[in-house]
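Please examine the following structure with attention to its side-chain contacts.

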Amino acid sequence: MYSEKVMEHFMNPRNVGEIENPDGVGEVGNPVCGDIMTFYIKVNGNRLEDVKFKTFGCGAAIAVSSMVSEMAMGKTLDEAKKITPRLVAEELGGLPQNKFHCSNLGAQALSKAIDNYRKKQAKGGKK
Amino acid sequence: MRKVYLDHAATTPLLPEVREAMLPYLDELFGNPSCLHDWGDAAREAMDTAREQVAQLIGAGADEIIFTGSGTESNNFAVKGMALAQQSKGKHIIVSAIEHFSVLHSAKTLEKWGFKLTEVPVDRYGMVDPDEVRKRIRKDTVLVSIMHANGEVGTIEPIEEIAGITREHNIPFHTDAIVTAGTIPVNVQELGVDALSLAGNQFYGPKGIGALYVRKGVRIMPLLDGGVQEGGRRAGTENVPAVVGLGKAAELAKNDMASRVKHLSHLRERLLAELPARIDHMVVTGHPENRLPGNASFCVEFIEGESMLMLLNSQGVAVTSGSACTSRALKASHVLIAMGLSHEIAQGSVLFTFGIDNAEEDVDYVLEVMPPIVERLRQMSPLYAKFTKTGKGGH
């Protein structure tokens, strides 16, 4: 059902975990559709110094989270914002049709984490 | 790596004796049972024997057995065929909320054709209360269909009591016995049903073959028109090798049932008791006592079924799950939801179904590989993180 790349990321997910005192957090999904993803970011000079995630969900959801974290690592915030579900799916060698929308929320969770960071900044938080 | 097949609810393997019985009908005995020459006679005699074997399995008369192409076809035939045959009397039907889709979707199709449908709820064990059926009977009710047991959670329903109620009201009663016939004792006289579905691939027979018992005198409208096969009730040249296989599987099931039930129940009891002892926040789903001998179904909190299934598969263990992610429609099992489980819990559904080839070592192996899989997924789960930090979200 899944591509080799999806299986590889599912079996060996990158960057699983939480960041202590993260600069931004983004959570998406709900248990009815089946997938919940939380992304944590650490920002240094407008770049993503660290990205970690926790995901409740199917094989695709876990592989997507892992891939997004890998794609985002080291990118500027603006670059990371340009990671779309389509790009993630392409990097993973495709996702099953019915999994595309509900399991492919990783980019959205990352984007929310960046928004969360920017909001905190605007309010005059640290950095 | 050890390979452990624990998905007998999906399908069982073919017994060697069944395969042997089928082979001549794939070779030299290829005749069409409708024909009047020697080739036809041989095929027809084989069909007669098989019909008798299936009838004996469920305490029916041979002339009350109709062969079909699958359990799904049997259910479609029973629900649509019996409702349509009586539509002049009324257009109301009753099914339970946890029926297999082949019953539930047939009932919904009847709804589109102008019938009224009432679903009977179940309790948290997946059990139908006969009184709940009684309450829903109307003057225009022409069919009640309640499954004998549910394959996902293993709960066995009080069919005799329900049949007593439908008989009082003179309403035909069908039961989907696809997961029970050939597995536990099923007798149409004792159950008191008017129609009963069964399928070969649930008890070590071939796939693509089912049967429908219809009590003598009960009306049913054919779904397939054509020749006069199966007493004019199901047209189409019969799948003779599969029919022969179904008959042989029925005979073996009847002979070996007691020892099979004992073996399966033992393995099931071990897993039901020992797995939750090793994994916390794991609940058994289905009825604690009235359940299928080979069925051990659970929900594991804070993680999702498909990822569990995939990691178990990577360890050589085949299981199934009722999570939304494992269904093509991306909806959590309607059975678990009807039992009142939250979507969050239903997402963690995992189902182990034992077969006669499974051994103690298979249980040992699951007990060994399952806890680290759950731990691994929980370490990844934001729900588990939330629970460990706040104590919220557990059940």
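The dialogue below concerns one histidine and several salt bridges in this predicted model.

Student: Is His8(B) buried or exposed?

Tutor: His8(B) sits in the loop between strand 1 (4-5) and helix 1 (16-26) of chain B. Its relative accessibility is 7%. Because the limit for burial is under 20%, His8(B) counts as buried.

Student: Which backbone oxygen does the side chain of His8(B) reach?

Tutor: Residues that His8(B) touches include Gln202(B), Tyr204(B), Thr353(B) and Phe354(B). The polar partner is at 2.8 Å from the His8(B) side chain. That atom is the backbone oxygen of Thr353(B).

Student: How many residues apart in sequence are the parts that Glu18(A) and Lys54(A) tie together?

Tutor: The two side chains meet in a salt bridge at 3.5 Å, N to O. Glu18(A) lies in the loop between helix 1 (4-11) and strand 1 (24-30) of chain A, and Lys54(A) lies in strand 3 (residues 47-56), so the pair ties together parts that are 36 residues apart.

Student: What separates Asp41(B) and Arg44(B) along helix 2 of chain B?

Tutor: Asp41(B) and Arg44(B) form a salt bridge, with the closest N and O atoms 2.4 Å apart. Because they are three residues apart in helix 2 (residues 38-58), their separation is about one helical turn.

Student: What is the relative accessible area of Arg268(B), the salt-bridge partner of Glu269(B)?

Tutor: The closest N and O atoms of Glu269(B) and Arg268(B) are 2.7 Å apart. Glu269(B) is partly exposed at 38%, whereas Arg268(B) is buried, with a relative accessible area of 8%.

Notes. Residues are numbered from 1 along each chain as its sequence is written. Chains are lettered from A and ligands numbered from 1 in the order in which they are written. This is a predicted model: local features need pLDDT of at least 70, side-chain atom pairs count only at pLDDT 80 or more; totals for chains, interfaces and linings use all residues. Side-chain values use heavy atoms; hydrogens and water are left out. Helices (H or I, at least four residues) and strands (E, at least two) are DSSP runs, numbered from the N terminus. Buried means under 20% relative accessible area, exposed over 50%, partly exposed in between (1.4 Å probe, protein chains only). A polar contact is a pair of N or O atoms within 3.5 Å; within protein, one must be able to donate a hydrogen and the other to accept it, and residues adjacent in sequence count only if both atoms are side-chain atoms. Contact means heavy atoms within 4.5 Å. A salt bridge is a side-chain nitrogen of Lys or Arg within 4 Å of a carboxyl oxygen of Asp or Glu. Lists of a residue's contacts leave out its neighbours within four places in sequence.
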